[in-house]
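Hi everyone, thanks for coming. I'd like to walk you through one model today, so please have the sequence and the picture open as I talk.

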Amino acid sequence: MNRKTLFPALACALLVFSMLGCGTTNHLQSIQLSSSNTSEAVTGTISVGIDGPAVGPVQLYAWGNYSSGKTRLLANEPVQYQISITPDMPESGELATPPDTMELNVNGLLTATPPFVCTWVNSAVPPATTPAWGIGGSYTVTATYLGFTSPPVFVAVASAAGIAGSTNPTGECGPQ
């Protein structure tokens, strides 16, 4: 090899090695579930029903959070969604394992199914005339992608009427 070819060969090798670091600062760091496909709005608790304020079905979307600070909707990616009973909830006894009052399809669509239930609990006591809602039982939905699992989204079921009384005169199931 002569000097005329050695210098360009070394310059090319240096260029190749310097390019190896390009793009490595943008790797997936976590994933998040959202009920929005336009922004990574954190979804903590949702209510799925069949009519009224908790109209179903509800679509969940997985978002990727990258080391560059950017987020990206993981559309058309092999995201796996899982649903389970939320442990340690006092009234989760109404909910069966595997879930039989809620269906989660492979694309993250949640749909209320029979037998219909209301897992919202009204803890208001007279003389109050409006409900004070808390969740008595829920499902937990997570998504997994490339070894990352999202924080859970809690799903209260509002597919049946609530208990009517002086603090819930219209028999609502959950907050409006």
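**A walk through the model**

Let's begin at Asn76, which sits in the loop between β5 (71-73) and β6 (80-85). A quick word on the names: helices (H or I, at least four residues) and strands (E, at least two) are DSSP runs, numbered from the N terminus. Asn76 is not a glycine, yet its phi is positive, about 60°. Asn76 counts as exposed, because its relative accessibility is 80%. By exposed I mean over 50% relative accessible area, by buried under 20%, and by partly exposed in between, with a 1.4 Å probe and protein chains only.

Before going further, the ground rules. This is a predicted model, so local features need pLDDT of at least 70 and side-chain atom pairs count only at pLDDT 80 or more, while totals for chains, interfaces and linings use all residues. Residues are numbered from 1 along each chain as its sequence is written, and side-chain values use heavy atoms, with hydrogens and water left out.

How confident is the predictor? pLDDT is its confidence in each residue, from 0 to 100. The chain averages 83, and 78% of the residues score at least 70. Among the elements, helix α1 (residues 3-19) has the lowest mean pLDDT, 56, and strand β12 (residues 148-149) the highest, 97.

Now the overall layout. The chain holds one helix and 13 strands, and along the sequence the helix is followed by the strands. Of the 176 residues, 34% count as buried. The chain exposes about 10200 Å², with carbon and sulfur atoms supplying 61% of that; the areas come from the Shrake-Rupley method with a 1.4 Å probe, and for residues only the protein chains shown count as cover. If we take contacts (heavy atoms within 4.5 Å), residues 24 or more positions apart account for 64% of those with a separation of 6 or more.

On to a sheet. Strands of a sheet pair through backbone hydrogen bonds, either parallel or antiparallel. Here, three strands form an open antiparallel sheet in the order β3-β8-β7, where two strands pair if DSSP finds at least two bridges between them. At the edges are β3 (58-59) and β7 (102-104), each pairing on one side only. Between β7 and β8 (residues 109-112) there are three bridges, and Leu104 stands opposite Leu110 in β8.

Leu110 brings us to the core. Which residues have the most contacts inside the largest nonpolar core? They are Leu33, Ile46, Val48, Leu110 and Val155, in a core of 26 residues. The term covers buried Ala, Val, Leu, Ile, Met, Phe, Trp, Tyr and Cys residues joined through side-chain atoms within 4.5 Å. Strands that each supply at least two residues of this core include β1 (28-34), β2 (45-49), β4 (61-66) and β13. The most comes from β11, with four residues. Apart from this core lies another, of five residues, among them Trp120, Ala156, Ala158 and Cys173. As for Leu33, leaving aside residues up to four places away in sequence, its contacts include Ala41, Tyr61, Tyr81, Val141 and Val153.

Cys173 also takes part in a disulfide, meaning a pair of cysteine sulfur atoms within 2.5 Å. A search of the whole structure finds one, joining Cys118 to Cys173 with an S to S distance of 2.0 Å. Cys118 lies in the loop between β8 and β9 (120-122) and Cys173 in the segment after β13 (153-158), so the pair ties together parts that are 55 residues apart in sequence. The torsion about the S-S bond is about 105°, so this disulfide is right-handed. Buried or exposed? Cys118 counts as buried at 14% relative accessibility, and Cys173 counts as buried at 10%.

Last stop: backbone oddities. Most residues other than glycine have a negative phi, and most peptide bonds are trans. Besides Asn76, look at Leu146, with a positive phi near 50°. Leu146 is in the loop between β11 (139-145) and β12, and it is exposed, with a relative accessible area of 64%.

Then come the cis peptide bonds. One joins Pro114 and Pro115, with omega about 5°, and Pro115 is in the loop between β8 and β9. Another runs from Pro126 to Pro127, with omega near 20°; Pro127 is found in the loop between β9 and β10 (133-135).

That's my tour, and I'm happy to take your questions.

Key
pLDDT = per-residue confidence, 0-100.
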